[in-house]
Amino acid sequence: MTDYGHDLLFGTFTTPAAQPVRHAVDLAVLADRAGLDLVTFQDHPYQPRFHDTWTLLSYVAARTERVHLSGNVLNLPLRQPAVLARAAASLDLLSGGRFELGIGAGAFWEAIEAMGGRRLAPGQAITALDEAIRVIREVWAADRPGGVRVDGDFYRVEGAKRGPAPAHHVNVWIGAYKPRMLRLTGRVGDGWLPSLQYLPGGPADLTAMNAQIDEAAAAAGREPARIRRLLNVAGRFAPTGRALLDGPPEQWAEDLAGLALEHGVSAFILATDDPAAIEVFAAEVAPATRELVAEERARTAA
Amino acid sequence: MTANYGHRLEFGTLVTPVATSPATPVALARRSEELGYDLVAFRDDPDQPAHLDIWTLLAWVAGRTERIHLAASVRSVPLRSPAVLARSAASLDLLSGGRLELALGVGDAPEAVEAMGGPRLDPHQAVESVGEALDVIRDMLDTDRQDALRYSGAHHRLAGAERGPLPAHHIPFWLDGDDGRLLRLVGTKADGWLATLDRTGPDGLRAGNKIIDEAAREAGRDPAEIRRLVTISGVFADTRRGFLDGPPAAWVEDLLPLVVEDGVGTLVVATDDTGTMERFAREVVPALREAVDRALPAPLPRTVGRSAAVRAKRRPGIAYDEVPASLADTAVEPGDVAYARVRSNYLRGGAPGLVLRPRTPAEVADALAFARAHRHLPLGVRSGGHGISGRSTNDGGIVIDVGALNEIEVLDRATRRVRIGPGARWMDVAAALHPYGWALTSGDYGGVGVGGLATAGGVGWMARKHGLTIDHLRAVEMVLADGTRVRASETENPDLFWAVRGAGANFGVVTAFEFEVDEVGAVGWAQFALDASDPVGLLTRWGAAVEAAPRDLTSAIIMGPPRMGQPRVAQVMAMVDSDDPETVVRQLQPLADVAPGYDQQVVLTSYASVMANATDGPHHGQGEPITRSGFVDHITPDFAEAAARLLASGVVYFFHIRSVGGAVNDVPPGAMAWSHRGANFHVTAFGRHRGRLDALWDELLGTHQRGLYLSFETDPRPERLRDAFPPATLDRLRALKSRYDPDRLFHDNFAITPDTASRTTP
């Protein structure tokens, strides 16, 4: 049992389809109005059937009021880290502190190269992500003296001016699966953002992966509980329960509460393009899950 | 000497993207929109950490404005991937509804680019890099080309990127700066030059124009295609103190020569002061426009012209320059960016010479007037673009797309009377009626447009319970071939109202339909995948089960040809208009029992959610659909045997039977032009080869069918007209054709020949 005690967040993971043009915007506005906490979009700049994720996030931020926004996760290899840092700070400033930085090391290297990006081996890509996060946080640290200097193997920043600083502490959430990425997450991340469907063993895999993050955090002198565990989930609403996240909303709430209490997941991001599912998730699943988790937390605290 | 390039005079603001007060640039952009400026621009500066990232800001502003165009001058090109910038530009243009204008520039602080992790470039390389980036962006957005983009420049390399997405409009690409090399690039490849007057100066402007014009001519371009934009700054004062420093009249005096002598087409005021913005918009702009019109031999155009490259794609025989003014802004011709979205329809590839997109009945009349002047060309009328018989696209002709006439309005709750534009789609209609507890049975696909279906018939998911769509029609408003706007109902132009219901495409363009809709609550919706290894038995049993079912139930069956090594499966769909789960299940059970099942799904849902089965992207049909259509009374063993042989031939790839009958047959056959009352089923076959499909259909099914549904028939042989309309109906239609469209303007969809004997002068 691992519960890191974070408040629960609920969000959406919607396809950033370029057609219909406003599909993703409309679903984000719906999520905002329905009271969800997060709206996230995948980022595959080599995919012409999708909107540019950064442009979409910025536009959606302007059309929403309360919801926080993040890439899920941003494609670092095609986004220059110093520019990304300023863009992220800008979006956070414009939105009044509603931006979070979900980021990944990149995959689909052939497509990245096709777009003019640099092909990296997996190990190199992790090093590059580590360097990029340093660059980004240094740019945000507008109060520190001197320019930004990061002399990395992949990103070299030599004296760039710092700033602007974001409006709030922008969380860096890392999409990670393999041991080195998990260790990086434990060492520098504010959160971990995997997809349940990519865990071959299902939720059971979370135990060992959480442990790797926790160990790396502790080794870096960080409190493991600082690192929020987020999870992209998919499923369907059905009148009778058949499997994990395949059943009525009450069953979903139990499933998610289980993931929260046993695996420390504190943010559930629903992969869907169905407005009805978003409404059920916001109106029924989220409050019921929060209630179950609160009861259990109260019980164990007592 | 006068050197004006003949562009529409535009005005903009250049706002500082301050990060310390992020709401300020947003408010200034909104104020610019309110004041009527054409565009608001932001310029980036990588050396300036107190500024917002302009791309993020521009996208945000797009979300907070409605009309104003949005210009970014990106001067940190080496820090941005041009391929990603291209996709970003297309996205922002799409999201903003075609409001993006993009400048690229070198910037004043190359060392800041380097400090941020960019490459070290000398001034020559920096310009070269910008030129390459412009090439990459252009090529990325050129979705006419299907091949992956490979680019090998000194600064940018692409190894096979997919192109797209297609932006909403032609994004103008400008270059920002006054370096001589950059100016030559403007002349060879950009749409505009963005200069800073304070820096370039009037002499520099003249010299720059000269370089651009020469480079353009050397590249075979007309220099007039290149818009000249300058940012200006100044102060308003009671008396003239200097250049752009004085009362508005002095500003006008100072700016006039820039426009009439130096050909500046866009003046962009660099200011963060709303007072300056307001005075410029209210006191300088109108006076300057007047002064310019006085100074120039001819007034400047009001709309943006098309470039030579766009005009080069025009088709012969169309008077493009005579498109009525009311339609000019929305018309699409082959060289336009929007063309890819409008050329084809759902099932048919097309290459029309001109697509007119009227927004009002008056504009429909204008479009028809234009079409009358082009009788030698094909004319298509398009609502949703799903027509199979209706050629809502063509090759080299005119298309009148009424998609913008898409309003849905409840006229009277008590009588459930609704008024619907022809451009609305049935999924939108269903969604709009749902909150009232109403529905109107339409086709089986939500993407279909109202106009085409509601002038032809409308065989939908509640046909047996509620009849055809046109059975609910109470009145239409339409524009006739001669441009007359009329209303038709049982009491007004009743002949026309009779004809519109089944042969509407021959008589005019309907601009509004009035329907009486039904009260419909939740419905049962079933999809079965059934074993079709015995197609004859399956079809016969399905047909019998449908006929035996209460009228609540309407069903369809879809079959394909046998495929090697795969089980034969038929898809059966059915709607039961009942909100009682037990009734739904009871009525569906006989259908489920007609053959062993592979899969089944039954839900209690809304008609609106069943119809929400389409997306609203543009159509990309290719080729021509090859179909046959026929009504049959019953699925007899003989018919089923013939259908099975048709399927076994491999000539048909999609075979579809829908139930009609029930309430459809309550209407007397002569009540309207649609005359196929009495049949219980409608059969459609899609094939890949015209001759083979026709031969087999004629041989196998021809003897079983009585009549056809013209919406699903593409056989061009003239005898099909007699299948679509029985003799008495056809006679009456021919007489009416000679009254309403004697010269056959509408001749592309089951054209009825006027009855010359009864030809009268209206």
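**Sheets, helix packing and backbone features of the predicted model**

In this predicted model, Leu473(B) stands opposite Phe515(B) in strand 21 of chain B. Helix 14 (residues 426–433) of chain B packs on the sheet, where it touches strand 16, strand 17 (417–420) and strand 21 of chain B, and the direction of helix 14 makes about 45° with that of strand 16 of chain B. The pairing of strand 19 of chain B with strand 21 (residues 509–516) of chain B is antiparallel and comprises six bridges. Both strands belong to an open sheet of five strands in chain B, whose order is 16-17-21-19-20 and whose pairing is antiparallel. Strand 16 (408–412) and strand 20 of chain B occupy the edges of this sheet, and because each has a single partner strand, one side of each is left without a neighbour in the sheet. From one strand to the next, the twist averages 20°.

At one of these edges, strand 19 (residues 473–479) of chain B is joined by five bridges to strand 20 (residues 485–489) of chain B, the two running antiparallel. Val479(B) has Arg485(B), in strand 20 of chain B, as its bridge partner. Together, strand 19 and strand 20 of chain B form a hairpin with five residues between them, and in the turn Gly483(B) adopts a positive phi of about 95°. A further hairpin in chain B is formed by strand 5 and strand 6, with four residues between them; here strand 5 (residues 149–152) and strand 6 (residues 157–161) of chain B pair in the antiparallel sense over four bridges, and Tyr151(B) has Leu158(B) of strand 6 of chain B as its bridge partner.

Chain B also contains a barrel, which eight strands close in the order 1-2-3-4-7-8-9-12 with parallel pairing. Neighbouring strands of this sheet are turned against each other by 25° on average, with direction ignored. Within the barrel order, strand 2 (residues 39–43) and strand 3 (residues 69–74) of chain B are paired in the parallel sense through five bridges, and Leu39(B) stands opposite His69(B) in strand 3 of chain B. Helix 5 (residues 123–140) of chain B packs on the sheet through contacts with strand 4 (100–105) and strand 7 (173–176) of chain B, its direction making about 150° with that of strand 4 of chain B. Helix 9 (residues 274–295) of chain B, in turn, lies across strand 1 (10–14), strand 9 (227–232) and strand 12 (264–270) of chain B, and runs at about 160° to strand 1 of chain B. With respect to domains, chain B is divided into domain 1 (10–295) and domain 2 (523–724), and the C-alpha centres of these two domains of chain B lie 57 Å apart.

Two helix pairs of chain B may be described in terms of their packing geometry. Helix 1 (residues 23–34) and helix 2 (residues 54–64) of chain B pack at an angle of about 50°, with their axes 10 Å apart, an angle that makes helix 1 of chain B oblique to helix 2 of chain B. The crossing of helix 1 and helix 2 of chain B is right-handed. Helix 1 of chain B contributes Pro25(B), Val26(B), Ala29(B) and Arg30(B) to the contact, while helix 2 of chain B contributes Leu57(B), Trp60(B), Val61(B) and Arg64(B); by class, the contact has six nonpolar, no polar and two charged residues.

For helix 17 (residues 494–503) and helix 24 (residues 727–740) of chain B, the axes come within 11 Å and cross at roughly 115°, and the two helices are therefore roughly perpendicular to each other. The crossing of helix 17 and helix 24 of chain B is left-handed. On the side of helix 17 of chain B, the contact involves Asp495(B), Leu496(B), Trp498(B), Ala499(B) and Ala503(B), which meet Thr729(B), Arg732(B), Leu733(B), Leu736(B), Arg739(B) and Tyr740(B) in helix 24 of chain B. The residues of this contact divide into seven nonpolar, one polar and three charged.

Most residues other than glycine have a negative phi, and most peptide bonds are trans. In chain A, however, a cis peptide bond with omega of about 0° joins Gly163(A) and Pro164(A), and Pro164(A) is found in the loop between strand 7 (156–160) and strand 8 (172–174) of chain A. In chain B, the peptide bond from Gly164(B) to Pro165(B) is cis, with omega near 0°, and Pro165(B) is placed in the loop between strand 6 and strand 7 of chain B. Leu245(A), a residue other than glycine, has a positive phi near 55°, and is located in the loop between strand 11 (236–237) and strand 12 (246–247) of chain A.

Terms used: Residues are numbered from 1 along each chain as its sequence is written. Chains are lettered from A and ligands numbered from 1 in the order in which they are written. This is a predicted model: local features need pLDDT of at least 70, side-chain atom pairs count only at pLDDT 80 or more; totals for chains, interfaces and linings use all residues. Side-chain values use heavy atoms; hydrogens and water are left out. Axes are lines fitted to C-alpha atoms, for helices over the stretch in contact, and angles run from 0 to 180 degrees between N-to-C directions. Angles under 35 degrees count as roughly parallel, over 145 as roughly antiparallel, 65 to 115 as roughly perpendicular and the rest as oblique. A crossing is left-handed if the near helix is turned anticlockwise from the far one by less than a right angle, and right-handed if clockwise. Contact means heavy atoms within 4.5 Å. Ala, Val, Leu, Ile, Met, Phe, Trp, Tyr, Cys and Pro count as nonpolar, Asp, Glu, Lys and Arg as charged, and the others, Gly among them, as polar. Two strands pair if DSSP finds at least two bridges between them. Domain bounds come from an automatic or database domain assignment.
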